[in-house]
Amino acid sequence: MKKRLKLKQNSASIMLRSFVLLTTVIILISGIITIFAVGNQLLETSQSSTNNIIKSLKKTDIDGDDDWENWRANNSLDTSTSYVLVHNMRKDANTKFYYSPDTEDLLSTKPRKVPLIKHLYYRPHMGFLYYATGHAKGINYKLWVKLNSQFATLERVVIVTAAILLLTLLISPLYIQFVADRLTGSLTKLTKSAEESSADMTQQVSQLPVPESPTEVATLATSFNRLLMHLHKQSEKEKLFISNAAHELRTPIATIQTHAQLIKRRGKEHPEIVAKSIDCINDESHQMGNLVDELLALTRADRMALDFEKYNLSNSLVQVKEKMTPLLKQTIITNIPENITIAAHEGSVEQILINLISNAGKYSDSTSKINLRLKKTTDFVAIEVADQGEGISSEDAQHIFERFYRSSDIRGSIPGTGLGLAIAKQLADLNHAELTFTSNKPHGTIFTLKFKN
Ligand code: ATP
Ligand code: MG
């Protein structure tokens, strides 16, 4: 198998190759155009000077070296490189053929026509010649003019073009390398520090250095740092979530263990504690069950995408009310206009309302009332759950949607895990709904779930 030449594929090498190719092509093309233009100009000059020589010849009658020298001396044209063959066809001619000096020598080897260029000939050992003919008064003139000086000029143009090309090929790689290093250097540095920080797992949160230029790399580094920060925060959140979950589970497990040991040690001698301990174990295991359900709901909601369907929200709210009534001590008073529909995920909206209503029940007096209201305007549909409880303090207000957050006043006194509102908020987001709360003056809280039209 043929081994393919593997070219370096880094940006600097690609830039270098492309630029060298581009400059070579540009210089070559412009060089060729210049050579053609200069060559053409030189040929045109040669043509006009040979035409002038022919014109001047036509006015003379050369049949010997003396005539030739006289003619040369008496005209201002440059005839130093002219070779003439005069063919006198007149009857009174003394000499039929006259060859000016060195013309016979020149014609001893036949000059070869240069293809495609009119009047241009090449004679070995002599170089390029411009050929022209003329006829006057029964005399034919054949003229060859050596183009040495013109070709020397052309040669200089070719040399200068080649020198420029060579110089560019030598200098441009250095310049391109310099530019490429400036452009990709910061990217290379960035990659290096990304590699270093990924190798060093002990580092808490590593930030990549943001170069001043080029701007694209600076933007990339900034975005990357933002992403790193986001990932770091996310992982911190997850760590906190797991440790909170473990902590919340540890308490009921410890209580269950304590009661189980109590029954084991003292159950036989004091049978009266068995029932009490079993009640405690039952409560705690329920609490644990709820917590596990809520944790599962949260992690599921993290990845969930909901299917929306248009459904009758009024009917759904009536069902929620019926479902919650037996679980609460408070009375639920509803104000639900009929046949209000929304496009949402019915099951998750129900779950949000169950969480809100059960909170209203947990955090208000058993004799108070809970209001469940449905409102529709041209802009939105809103569901309100209002209680007449203690309300939410301004300090708690900032945190109640956080996972595991519970007001310190009720910790220990009212069972709960602090996940209900976090789940409700997440489900509201998934339904593109807004979950907010305000004070229910003079007592209590109103939670509002708003669906924009
Ligand atoms: P659970 O996960 O079992 O629902 P929880 O009710 O404590 O536990 P959330 O529903 O998330 O958790 O509520 C968080 C906290 O917000 C509560 O502990 C409570 O302090 C406060 N809170 C929520 N709803 C109300 C309310 N209607 N009135 C007063 N405080 C409330
Ligand atoms: Mg709750």
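This briefing covers the nonpolar cores and salt bridges of the structure above. The model is predicted, so to speak of local features a pLDDT of at least 70 is needed, side-chain atom pairs count only at pLDDT 80 or more, and totals for chains, interfaces and linings use all residues. Residues are numbered from 1 along each chain as its sequence is written, chains are lettered from A and ligands numbered from 1 in the order in which they are written, and side-chain values use heavy atoms, leaving out hydrogens and water.

**Nonpolar cores**
- The largest nonpolar core (buried Ala, Val, Leu, Ile, Met, Phe, Trp, Tyr and Cys residues joined through side-chain atoms within 4.5 Å; buried means under 20% relative accessible area, exposed over 50%, partly exposed in between, with a 1.4 Å probe and protein chains only) has 45 residues.
- Helix H8 (residues 346-362) gives the most to this core, seven residues; helices are DSSP runs of H or I, at least four residues, and strands are E runs of at least two, numbered from the N terminus.
- A second, separate core has 19 residues, including Leu43 and Tyr98.

**Salt bridges**
- The whole structure holds eight salt bridges (a side-chain nitrogen of Lys or Arg within 4 Å of a carboxyl oxygen of Asp or Glu).
- Lys425 and Asp429 pair up at 3.9 Å, N to O, and both sit in helix H10 (residues 420-430), four residues apart.
- Glu434 bridges to Lys452, with the closest N and O atoms 3.4 Å apart.
- That pair links distant parts of the chain, strand S12 (residues 433-439) and strand S13 (residues 445-452).
- Glu434 is partly exposed at 37%, while Lys452 is exposed at 61%.
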